[in-house]
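Q: I'd like to zoom in on a single spot in this chain and then see how it fits with everything around it. Could you walk me through it slowly?

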Amino acid sequence: KERFFPEDVVLEAVCEKDFEHREKAEKFAEAAGSEVNFYEGVDKLYDAADSVDGTVMIYDAGPVQSHSDHIQRSLRNNFYHLSEKPPSTTREQHIQERKLAARHDVHFKVDFLERENPAFMKAKEVLEDVEIDSIDVFRQSSTGVRRMLQPVKKAHVNEGCTLDEMIHDIYIMDLIDPDSLDLDKVEN
């Protein structure tokens, strides 16, 4: 995707611990004509990033439990960091991330992918001039149940869909004028 960025951005390296996934990614990069280094461990990725001449940004699509450690490591190394959601799983981690960001010239951001979802963007466009009196939100997901019945070694969020999916509901706030928001009730 380098050619689509408005700035001179170069994908330098990818960390993938799973051999089969890494091998597929290497073949894909080769077929696309990209010169990308691949690493099986995050330590090697950060070592390589230290030697880059210029601004470094780490994009973290790894397991949720690692996000906070990676954010803090990036900040300590003066790397920008873009994390998939959620960036942290505890309040303490979030406070530590914020303190580190305040002490450095770099920062971290969270990639809320669904804001770019065409269905959400269309809903926002359709509702742009509509005064909304109330919104009822219903979420159903079998993810948590499926993970309990068929545990997956690579499941990124042990808490089922709670941390992984509930954050998408935040996008509803994009459809509402927050000054006129009145929360009636929440049920689970």
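Q: Let's take a close look at Pro86: does it count as buried or exposed, and what is its relative accessibility?

A: Happy to, and keep in mind that what you're looking at is a predicted model. Let's start by finding the spot: Pro86 sits in the loop that links strand β4 (80-84) to helix α4 (91-102). Its relative accessibility is 4%, and the cut-off for buried is anything under 20%, so Pro86 counts as buried. Now look at what's around in space: the C-alpha of Pro86 is 7.4 Å from the C-alpha of Val110, although 24 residues separate the two in sequence.

That pairing leads to the whole chain. Of the contacts with a separation of 6 or more, 61% are between residues 24 or more positions apart. The chain is built from seven helices and five strands. If you read from the N terminus, the order goes β-α-β-α-β-α-β-α-β-α-α-α. Out of 188 residues, 26% count as buried, and Pro86 is one of the buried ones.

For another buried residue, hop over to helix α3 (residues 64-76), where you'll find Gln72. Gln72 has a relative accessible area of 10%, which is why it's called buried. Leaving out residues up to four places away in sequence, Gln72 touches Gln93, Gln96, Glu97 and Leu100.

Now for a contrast, try Tyr59, which belongs to strand β3 (residues 57-60). With 38% relative accessibility, Tyr59 counts as partly exposed, because that label covers values between 20% and 50%. Tyr59 also joins Met57 and Leu113 in making a nonpolar surface patch of about 310 Å². As for the surface of the whole chain, the accessible area is about 14,300 Å², and carbon and sulfur atoms account for 50% of that.

Last stop: helix α1. It has 14 residues (19-32), and at 1.5 Å a residue it should span 20 Å; the C-alpha atoms at its ends are 20 Å apart, so the two values agree. Check both ends while you're there. At the start of α1, a side-chain oxygen of Asp18 comes to within 3.0 Å of the backbone nitrogen of Glu20. Just after α1, Gly33 has a positive phi of about 75°.

Technical notes:
Residues are numbered from 1 along each chain as its sequence is written. This is a predicted model: local features need pLDDT of at least 70, side-chain atom pairs count only at pLDDT 80 or more; totals for chains, interfaces and linings use all residues. Side-chain values use heavy atoms; hydrogens and water are left out. Helices (H or I, at least four residues) and strands (E, at least two) are DSSP runs, numbered from the N terminus. The expected span of a helix is 1.5 Å times one less than its number of residues. A polar contact is a pair of N or O atoms within 3.5 Å; within protein, one must be able to donate a hydrogen and the other to accept it, and residues adjacent in sequence count only if both atoms are side-chain atoms. Buried means under 20% relative accessible area, exposed over 50%, partly exposed in between (1.4 Å probe, protein chains only). Contact means heavy atoms within 4.5 Å. Accessible areas come from the Shrake-Rupley method with a 1.4 Å probe; for residues, only the protein chains shown count as cover. Patches are made of residues with over 30% relative accessible area and no salt bridge: like charges are joined within 9 Å, nonpolar side chains (Val, Leu, Ile, Met, Phe, Trp, Tyr) within 5 Å. A salt bridge is a side-chain nitrogen of Lys or Arg within 4 Å of a carboxyl oxygen of Asp or Glu.
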